[in-house]
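Work through the exercises below with the sequence and the model at hand. Each task is followed by a solution in steps.

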Amino acid sequence: MARRFRGEFHQKVDGKGRVSIPAQFRRVLEQGDPGWSDGKSPEFVIVYGDHRRKFLECYTIQAIDEVDDQIAGMQRGSVERKMLEKMFSGQSTQISVDETGRIVLAKKLREKIGLGDEAFFIATGDTFQIWQPDVYETEELAKTEAWLENFDDDFDPLTLLDAKREG
């Protein structure tokens, strides 16, 4: 099983859109890129999606290959397949990490999520997301707090895993 992304990080973004990928994330990107070897730069895919998506979702090559395989298994010509192909192939870009551990986020991507001089990276298991920090704090933290309101104060999220096994 491939390593998973873990943690959250604030990273500076320079005027040309260059931003460092957190070192822990780079190790996972390397492992998730079948074409990577020592001395080479790992590649990954950024899915930026439609106007509702306020973040960039970053997939290892292996993870996006899994998504592509699932899409390819859908009925050819179906609306669902066409929409998913557009979202995961059309509204995405493949990118390389340079020798210093940085990537260049195109102006289009920075403008889409309102990225200024700082980016917020957060692990989401087999992907990670890049957010404008204030948007993440305003929207995503509020969603988490609202979700937690459905549970008692002594709620242990690990109980959800037990319920999944039992069901």
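**Exercise 1.** Classify Arg52 and its salt-bridge partner as buried, partly exposed or exposed.

Solution. Step 1: the classes are buried (under 20% relative accessible area), exposed (over 50%) and partly exposed in between, with a 1.4 Å probe and protein chains only. Step 2: Arg52 has a relative accessible area of 61%, so Arg52 is exposed. Step 3: a salt bridge requires a side-chain nitrogen of Lys or Arg within 4 Å of a carboxyl oxygen of Asp or Glu. Arg52 meets this with Asp50, at 2.7 Å from N to O. Step 4: Asp50 has a relative accessible area of 19% and is therefore buried.

The model is predicted: local features need pLDDT of at least 70, side-chain atom pairs count only at pLDDT 80 or more, and totals for chains, interfaces and linings use all residues. Residues are numbered from 1 along each chain as its sequence is written, and side-chain values use heavy atoms, with hydrogens and water left out.

**Exercise 2.** Find the N to O distance for the salt bridges Asp14 with Arg18 and Asp98 with Arg102, and classify the four residues.

Solution. Step 1: side chains of opposite charge can pair when their charged atoms come close. Step 2: for Asp14 and Arg18 the distance is 2.5 Å. Asp14 is partly exposed at 27%, and Arg18 is partly exposed at 27%. Step 3: for Asp98 and Arg102 the closest N and O atoms are 3.9 Å apart. Asp98 is partly exposed at 25%, and Arg102 is partly exposed at 26%. Step 4: the rule gives a count of nine salt bridges.

**Exercise 3.** Which residues gather in the patch of negative charge on the surface?

Solution. Step 1: patch residues have over 30% relative accessible area and no salt bridge, and like charges are joined within 9 Å. Step 2: the patch holds Asp65, Glu66, Asp68, Asp69 and Asp126. Step 3: Glu66 lies in helix 2, residues 61-72 (a helix is a DSSP run of H or I with at least four residues, a strand a run of E with at least two). Glu66 is exposed, at 51%.

**Exercise 4.** Describe the cover and pairing of strand 4, residues 56-60.

Solution. Step 1: in a regular strand the side chains alternate between the two faces of the sheet. Step 2: Leu56, Cys58 and Thr60 are buried on one side of strand 4, and Glu57 and Tyr59 on the other. Step 3: strands pair if DSSP finds at least two bridges between them. Strand 4 pairs in the antiparallel sense over four bridges with strand 3, residues 43-47, and over four antiparallel bridges with strand 8, residues 127-131. Step 4: Cys58 is the bridge partner of Ile46 and stands opposite Phe128 in strand 8.

Notes: Patches are made of residues with over 30% relative accessible area and no salt bridge: like charges are joined within 9 Å, nonpolar side chains (Val, Leu, Ile, Met, Phe, Trp, Tyr) within 5 Å. Accessible areas come from the Shrake-Rupley method with a 1.4 Å probe; for residues, only the protein chains shown count as cover. Lys and Arg count as positive and Asp and Glu as negative; His and the chain ends are not counted. The place of a charge is taken as NZ of Lys, CZ of Arg, CG of Asp or CD of Glu.
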